[in-house]
Amino acid sequence: MLQYIIRRILIAIPTLLIISFVIFAVLALAPGDPLAQFALNPAIPESTRELIRIQFGLDQPWPVRYVRWLTSLMRGDWGFSFGTRGPVIDLIWQRLPQTLTVVGTAYLIAVVLAIPIGIISAVKQYSIFDNVATFFAFVGFSVPSFFTGLVLMLVFAINLKWFPIVYNTTLQVVDWDTFTQQVRQMTLPVTVLVVQQTAALTRFMRSSMLDNLNLDYVRTARAKGLSDRMVVLRHVLVNSLIPVVTLIALGIPTIFAGAIITENLFRVNGLGALLITSINNSDTPVVMALTFIFAILTVVFNLIADILYGVLDPRVRYS
Amino acid sequence: MSEIELNGAVGLSPSARAQQMTSRLPAKPRTLLSDAWRRFRKHRLAMLGMFVLLTLALVSFVGPYFYIPRLAAQLEAIGSPFIQERVDLQTAIDHLDFMNILSGPTAIHPFGTDDLGRDLLARALYGGRVSLLVGLTAMAIAISLGTIIGATAGFFGGVVDQILMRITDLFLSLPVIPLTLLVVYLFRDPVIKAMGSPEAGIFTIVVTVIGCLAWMSTARIVRASFLSLKEKEFVEAATALGVSRPAIMFRHILPNAIGPIIVAATLEVGSAIITESTLSFLGVGFPPDTPTWGRLVTDGSQYLQAAPWLALFPGALIFLTVLSINFVGDGLRDALDPRSRL
Amino acid sequence: MSHKRLWAWMTLMAVAAIILAACGAQQQAQPTAAPQPTAAPQPTAEPAPTTPPAAQKGGKLTILYWQAVTTLNPHLATGTKDFDGATVILEPLARYNEKDELVPFLAAEIPTVENGGVAPDGTSVTWKIKPGLKWSDGTDFTVDDVIFTWQYCADPATACTTKASFDPIANIEKIDDTTLKITWKEPTAAPYISFVGPQGMILQKKQFENCIGAAASTSAECQAANLAPIGTNAWKLREFRPGDTVIYERNPFFRDADKVFFDEVEIKGGGDATSAARAVCETGEVDFAWNLQIPKAVLEPILASGKCDAIAGGSFGVERIVVNFSNPDPALGDKRSEPDQPHPFLTDPAVRRAISLAIDRKAIDDQLYGPTGEPTCNVLVVPASVNSPNTKCDRNVEEAKRILEEAGWKLNGSVREKNGVKLIVTFQTSINTLRQSSQAIIKSNLAEIGIQVNVKAIDAAVFFSGDPGNPDTLNKFYADLQMYTNGPSSTDPQQYLQGWTCAERASSANQWNGNNDGRYCNPEYDALFEQLKVELDPARRAELAIKMNDLLVNDGAIIPLINRRTPNAKLKNLEGPTFNTFDSSIWNIATWRRVP
């Protein structure tokens, strides 16, 4: 087991190097211009924009830029953002709290909701509960998040005025009042994300439960006279959770990636909003850092999922 | 645990054997497929889903031939005739009528009109053609890629697994928007040239981009199922009987992993329809005047207050499609699952 | 055994839950850990009651931008939002007001030929600054700071975005502590190009002394300075989260500190224009929202809710259709869109004229722009003195058809053709709801006269980029027609009008960087431009500019559509914001106040 983990970590390093190279290449070759906003401004002629590109190092061929990026990363330097002309890493630390609060909470709630709903749906397949759950799950993922977000915003923020539209990132939770304020401003974005994430997880949980409910060992256990509840909880649940837990673990890196649309809609300005504005402004160092950190997390959680899988399902052998 | 799970595992082998028998004896009247179809027909919701899907497709492709002449005649009657003599769907979706902007559902415009007075039903019909094709094709690409990669990785394990899974990691971490812009920038003109027409070229690019960026989660799910299934006794039995590896993978293990694949497939159709609209926001999808369902929802959502039907009708169509595909998927799972065929 | 596994499961989930919860809790805790918490605003709120005026002085001004401020050093700006974010702290010598007149800020008066400030031969200008000015750290503001700002940006390695406004300067001479004389490299008719408006904000020498050259972006000291410049305006920085929020607090050293109404200013960024409008007009969460580019049918009901006023006027630029005079046919390969490849039918004046006549500018304005624009026939509309009264562009479909018919373009089915050339055009623009709707209207307008339009929309970051490798940029113009907004950046139109001279034609020879994207070339126009270059008399310059505008429009070199007046919105109880063509939307923020 330990040997397996060490080997996986050793493989992870070249993998990440290759990933970083590919991402860098994609970003370097993809069209875009950090100064596109000023393209037509006669006061900011092309000669000036060219100087700025040189300052950003964009005149160098991209493989050279990659080597530079990699060597400074070795020293712990993620480069500077074209937008702020300050260190990229500062930006990420500034944005992380908002993303963790909103997207993290939503993920947690989604997991807590989806597992029991999935279980009941499967155990009572085609019951009213199951049909209602199925219906809502499909509303959840056939309706895009910008649509849910807009509807919620119109109803609850604009007509009923229960929640604010503008998320205040500088709010500091010091007492009950600020705490309720924080909860109020989080409610709408969190709801949008919960609706989406619960939907997919519920379906996978249900399907996984159904697969196991039909197995012969369940019949055998029932035949042995074990109560239904016992059978479901003890055997079916444990086995059905295996793939779902893998999925949940694999989903954790996406928390870091933030929720681009929802964050932007409610002005949460977390990492998702940072990513999309940086992409739109071709702020390559920021996009590079965010994507690469996401890649690291993906690889790490992939490993965790694989280990979990082995722990939970003894039949899986590490080879 | 050992007792129960052993029982479970042993209990599977008869079905595997049964399967083998059917595959070895094709002349037998009850084949795997006809068997599945028989069970599928019994699944009421699945049949309903199938019916709705076929209806949507039929209406999108045939409906305009009945609807457009009627619309043209009625528009002429209210003094807003088509500016060109051609009476076809293309003319209808481009027809502006500033006297009737943001009108609610009426006899002339059953789905209402948008901010330029264009008929929403005509646009939804046109959009249905594109969106249904995009959704289903992209799903097929994503699911086949995901299944093949996941199955290979899970079944062979070792170096193959490592390489494939690291490729999966790579794809998961690629920044989608710059990548899409890059792909289109590099391949749009060559593909359009190769396909002969801009429409076919753009369609190919759109479905390929969506499909190739969505197979990763399927691959992981399939791999996970394979990792656990390949250790089961029925696989050992099949191996012992000298069944070839691809046959074991696709004939014996895959049917047991079909449940999560079908869930992933149904999810993928809906998300492909929506992703298509995101692509056109990057300018890499269909031309901006192609009213796909995803685009209609996005454009319409601006008018949620003044004209909610603009987003609700196309939204409901996407929902109906996804829901139907899910029911079909449920039915397929029950029908194909080797364990339920006793 | 299965018991054990069940428990293992439970623990695992509990641990996961705790980790997630901890993460959630952590950043609720984190802001509290940040320095200088809530106590700060209180003391500044105190002096308010001592000053008697009717409205309660003090409080917070909240401004919403859908693009977020990323740097507060205006010379390193990457967008309008950065200039505006810096405006709350920094000032230039003078700014433009809503009537396009100069208002002295740090300067004591506007130099003119009459008061001897501007040399009659156009070789120099002398500015006097207000006496006794202080930076927000309490040190004196001097002429040296102005000279330093020029030196800072004159160094190409600093890579100032605003460099072009300092380029004409040959030298700056310090006459005394409050007087400086700028000598130009060559005589100019535009003496107010430097140190005026958003491009001319002055940095503190002490703070940026070590930041000339590459250090401006790379040294840690300068990076910190870029995010927290010391300024002379009514507020100083309290907290800045780049790309998200800027919070400013009173600058006690401001020259008119007792006249400033608000204790605190916050600029929040992000989101979209529609919800920004809602936050002002429907929920009243913010006082002011910037640049509400929204279709009329969405904007009008929001504005109608009665809580807010729209502030629109001047010009945000003219939305226009550019005609490609060179041939964008892909079959030409390398020669595609080069100036020496004439366009198969757009070089025919009849076709250009017919297109212009067929387009329904009024419908575009009525249906889409509403309060945010008005139809125009000119490419040069500001300042008012150069807005030509001579042009006409009323819609006339029959006339358009007749012109095409006369020129030999005959209908074949629904598309006209002549000698086997069909009138099928590709019409491209950037992705933007308003533009796609305009495309739909224009497509329908041109279909009426037998011209088939294929529309194309390109991501703005690509369309407006200077990337010579990309086929979709507006400079390459691999299409027949394209649409975007542009306008002069200063009251003097010379720079802007240069964009239609033959020398500026974009081609592979200049890496597609010429400003003449339509590759229009007319010796008559070039001759007028040569006259403009050497003319110093303002009245004659205006005359020439109008002549050039008329030539461009009548020749169909360009098809102007809409003069955009993209509005800002403010709460009814906020007084002070004005529209502005050549300066920031918040140019006069120090005078804003809340009224009962």
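1. The term pLDDT stands for the predictor's confidence in each residue, on a scale from 0 to 100. This structure is a predicted model, and that score is the place to start. In chain C, residues 1-8 have a pLDDT under 50 throughout, and the model gives this stretch 11 contacts beyond four places in sequence. Residues 10-53 of chain C also lie below 50, with 36 contacts beyond near neighbours in sequence. Where pLDDT is low, the predicted coordinates should not be read in detail.

2. What are the mean pLDDT values of chain C and chain A? For chain C the mean is 87, with 91% of the residues at 70 or more. For chain A the mean is 85, with 98% of the residues at 70 or more. Within chain A, confidence is highest in helix α3, residues 62-74, at 92, and lowest in α8(A), at a mean of 72. For the complex, the predictor reports an ipTM of 0.85 and a pTM of 0.84.

3. Chain A is built from helices: it has 12 of them and 0 strands. Its C-alpha trace spans about 85 × 60 × 40 Å along the principal axes. Chain A has 319 residues, and 61% of them count as buried. Of its contacts with a separation of 6 or more, 73% are between residues 24 or more positions apart.

4. The surface and charges of chain A can be summed up briefly. Its accessible surface is about 12200 Å², and carbon and sulfur atoms account for 70% of that area. Chain A carries 22 positive and 16 negative charges, and the mean positions of the two sets are 8 Å apart.

5. Chain B also has helices and 0 strands; the helix count is 14. Among its 342 residues, 60% count as buried. For contacts in chain B between residues at least 6 apart in sequence, the share joining residues at least 24 apart is 69%. Chain B exposes about 13900 Å², with 70% supplied by carbon and sulfur atoms.

6. Is A:Ile158 buried or exposed? This residue belongs to helix α6 of chain A, which covers residues 145-159. A:Ile158 has a relative accessible area of 5%, so it counts as buried, the cut-off being under 20%. Leaving out residues up to four places away in sequence, A:Ile158 touches residues of three chains: A:Met153 and A:Ile165, then B:Gln305, and then C:Arg278, C:Glu282 and C:Thr283.

7. Helix α8 of chain A, the low point of confidence in that chain, runs over residues 216-223, and its buried residues are A:Asp216, A:Tyr217, A:Val218 and A:Ala221. An α-helix has 3.6 residues a turn, so residues three or four places apart point the same way. Just after α8(A) comes A:Gly225, with a positive phi of about 95°.

8. Chain C contains an open sheet of 7 strands with mixed pairing, in the order β7-β8-β9-β1-β10-β21-β11. Its edge strands are β7 (235-241) and β11 (308-311); each has a single partner strand, so one side of each has no neighbour in the sheet.

9. Several pairings inside this sheet can be followed residue by residue. Strand β1 (residues 60-65) and strand β10 (residues 288-289) of chain C pair in the parallel sense over 2 bridges, and C:Leu64 has C:Ala289 in β10(C) as its bridge partner. On to the next pair, β10(C) runs antiparallel to β21(C), joined by 2 bridges, and C:Phe288 stands opposite C:Lys570. Strands β11(C) and β21(C) are antiparallel too, over 4 bridges; here C:Asp309 has C:Lys570 as its bridge partner.

10. Which residues cover the two faces of strand β21 of chain C, residues 568-571? In a regular strand the side chains alternate between the two faces of the sheet. In β21(C), C:Asn568 and C:Lys570 are on one side, C:Ala569 and C:Leu571 are on the other, and all are buried.

11. Helix α10 of chain C (residues 296-303) is mostly covered, with 6 of its 8 residues buried. These are C:Lys296, C:Ala297, C:Val298, C:Leu299, C:Ile302 and C:Leu303. The buried residues of α10(C) pack against α9 (273-281), α12 (361-369) and β11 of chain C. That last partner, β11, is one of the edge strands of the sheet.

Conventions: Residues are numbered from 1 along each chain as its sequence is written. Chains are lettered from A and ligands numbered from 1 in the order in which they are written. This is a predicted model: local features need pLDDT of at least 70, side-chain atom pairs count only at pLDDT 80 or more; totals for chains, interfaces and linings use all residues. Side-chain values use heavy atoms; hydrogens and water are left out. Contact means heavy atoms within 4.5 Å. Buried means under 20% relative accessible area, exposed over 50%, partly exposed in between (1.4 Å probe, protein chains only). Accessible areas come from the Shrake-Rupley method with a 1.4 Å probe; for residues, only the protein chains shown count as cover. Lys and Arg count as positive and Asp and Glu as negative; His and the chain ends are not counted. The place of a charge is taken as NZ of Lys, CZ of Arg, CG of Asp or CD of Glu. Two strands pair if DSSP finds at least two bridges between them.
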